[in-house]
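Trainee: Before we rely on any label, could we go through how each one follows from its value?
Mentor: Gladly; let us take the rings and then the ligand.

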Amino acid sequence: MCGIVGVLGKHQAAPILVEALKRLEYRGYDSAGIATVNNGTLERRRAVGKLVHLSDLLVHEPLAGKSGIGHTRWATHGAPSTKNAHPHQAGPVAVVHNGIVENFKELRDKLAKLGLYHETETDTETVALLAQHYLSQGDSPRLAAQKTVGCLEGAFALAFLFHGEEDLMIAARKGSPLAIGHGDGEMYVGSDAIALAPLTDRISYMDEGDFAVLTRESLEITDKNGKLVNREIRKIAFDSARVDKAGYKHFMAKEIAEQPSVLTNTLRNYISADDKNIELPSNNINLAKIERLTIVACGTAFYAALTAKYWFEKIVRIPVEVDVASEFRYREPPVTPGTTAIFVSQSGETADTLAALRYMALKGATVLSVVNVPESSIARESDLVLPSYAGIEIGVASTKAFTAQLTVLALLAVKTAHAKGVINDIQYQEYITDLNCIPRLISQALSIDVAVQKVAQKLATAQDIIFLGRGSMYPLAMEGALKLKEISYIHAEGYPSGELKHGPIALIDKKVPVVVLAPMDALFEKSVSNMQEVMARAGKVLLLSCQQGLNAASDGTWATISMPAAPELITPIIYAVPAQLLAYYTAVAKGTDADQPRNLAKSVTVE
Ligand code: F6R
């Protein structure tokens, strides 16, 4: 949800800013812009659309200066246009912003009364105008920025640059993440460490309410109470911040393909070397005492949560409530003593999930999180963090982070069942053996690649596609539909197979492909019956099952894809692969941008 970057450097800032924005483009790509101070003069360049348009513009209209700020936008207030692109400038100050200023209308009216009018529809211009106002009153840049930040309600990460100030940048964080990079006589800010990785490996993270004044040689941070504070400087491993496609056409293809090694890594971090035990990070949480669970997440992470409900209810035998974060807290759900809540998030910054976490923490719930970014806000505010160890995910549509979330949730379910004595030592060992099969079976599942490419050519011409699944395949059906919608722009819905006849079956005709996820499990026969109901109405069924399942039920289907047979526990993790590949190859066949689909951003830090 917008990426920001800033540099006080020794070299020309423009190419450095553009390079950093490239690494932040996954956060939004509606427009991009940079501003620099050169010989005391503040200047900017902005272009609508992807970053490449800004790079082209800079070839014809270069921008000099060794201090600068940059922004890549996911539009909230105001359409994607050059005028609405950041940085926003008001006289001697330029600002980049990630987040939403909630009281911007009220501030805009106040500013208008002072004769300061907006030229754009953005909330961010309000920030620039406020700073301009305070500067015109004689305040120093630091005081003007401080007073400006004090007026703002909502969520923001901000970086300010000032006319006449070649060695000053001001940054503020409330609600949106911001990292500071420490160089050798250089300083940087960025929405995340990935942006700064090629520049420095020394990073400190600003806390909620922090206000930072940076020069090339100094950093002064005050906390939300105005107290001077030091934020720890951590060394980040450059490898973990590497961002390249490694020869693949898209990051999404690379991230799908690397799941065997990613999940090996996830398992290695949780299963003891002798394969006898699941080990969680040390904590004071007594798993044996968990009587019920609430799991909250958004989007793909929500489908991981929904899959976990099947595991926790069936294996651990505890009731589980799962909700989308944007609905959860507004219902004001009552929280009884002893409630444990799990928050699932790739980025760890999703605004709704974070707000739901804070709601539960305030009500006294024990807070667990399954997150991919260990320094994220959700991780930092949890009682116990279970990292998913998926590595950086750049493709906007989540793939490896999803299967890593599932793997961690399955590990947690098995560990909890054992801790509660619901499964004995032998069953515990069997489940660990099953979990250890994930990488091998994912590798096998990836070999359906060619078959999927063929089917995808046909799917690409469809207007609507339905995904069906029963049991833990139901969340997977919804995930398959979401993936397809996101990157191919084909309308798709995921339904529980048995629910189709209660309404959606009216949609079926010979133009509607129906993807049936039907592993050979206890529900297989029922899934096949539901599939027959579709075929009886001329629906085109694409059946995914193991070879035994296909032998039993492929008559009359439109197409089939053979999946490896897998232990029941891990079947949803293995069937995530065809859901991802179908979406990916359909997008490729349609020629849409799989990595940066329209209207989306990877990290949704606004409500
Ligand atoms: C879909 C997708 C999104 C995210 C959702 C939550 O492919 O990536 O639906 O899953 O925005 O994001 P995180 O997991 O970062 O909280």
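Trainee: What makes Lys50 count as lying over the face of Tyr29?
Mentor: Bear in mind that this is a predicted model. Lys50 lies 5.4 Å from the ring centre of Tyr29 and is over its face, and the distance part of the rule asks for NZ of Lys to be within 6 Å of the ring centre.

Trainee: Which ring does Arg598 lie over?
Mentor: Arg598 lies over the face of Tyr489, at 3.8 Å from the ring centre, where the rule asks for CZ of Arg within 6 Å.

Trainee: How many aromatic pairs are there, and why is the pair of Phe302 and Tyr303 called tilted?
Mentor: The count comes to 5 aromatic pairs. One of them joins Phe302 and Tyr303, whose ring centres are 5.6 Å apart and whose planes stand at 55°; a pair needs centres within 6.5 Å, and planes that are neither under 30 degrees nor over 60 degrees apart count as tilted, so the label follows.

Trainee: How do you know whether Phe302 and Tyr303 are buried or exposed?
Mentor: Phe302 has a relative accessible area of 14% and Tyr303 one of 15%, and since buried means under 20%, both Phe302 and Tyr303 are buried.

Trainee: Why is the pair of Tyr584 and Tyr585 called edge-to-face?
Mentor: The ring centres of Tyr584 and Tyr585 lie 5.0 Å apart with their planes at 70°, and because planes over 60 degrees apart count as edge-to-face, that is the label for this pair. Tyr584, with a relative accessible area of 4%, is buried, and Tyr585 is also buried, at 16%, given the limit of under 20%.

Trainee: What makes the approach of Ser345 to the ligand a polar contact?
Mentor: An N or O atom in the side chain of Ser345 is 2.6 Å from an oxygen atom of the ligand, and the limit for such a pair is within 3.5 Å. Backbone N or O atoms also meet this limit, that of Thr300 at 3.1 Å and that of Ser398 at 2.9 Å, each from a ligand oxygen atom.

Trainee: How much of the ligand does the protein bury, and which pocket holds the ligand?
Mentor: Taken alone the ligand exposes 410 Å², of which the protein buries 90%, and the ligand sits in the second largest pocket.

Terms used: Residues numbered from 1 in each chain as written. Predicted model: local features only at pLDDT ≥ 70, side-chain atom pairs only at ≥ 80, totals over all residues. Heavy atoms only, no water. Phe/Tyr/Trp six-rings, centres within 6.5 Å; stacked < 30°, edge-to-face > 60°. Buried < 20%, exposed > 50% of the residue type's maximum accessible area, 1.4 Å probe, protein only. Lys NZ or Arg CZ within 6 Å of the ring centre and 35° of its normal. Polar contact = N/O pair within 3.5 Å; in protein donor to acceptor, adjacent residues only side chain to side chain. Areas by Shrake-Rupley, 256 points an atom, 1.4 Å probe, with all protein chains shown as cover. 1 Å grid on protein atoms, 1.4 Å probe; cavity = no way out; pocket = protein on both sides within 12 Å on 5 of 7 lines; lining within 4 Å. Sits in = over half its atoms within 2 Å of the grid points.
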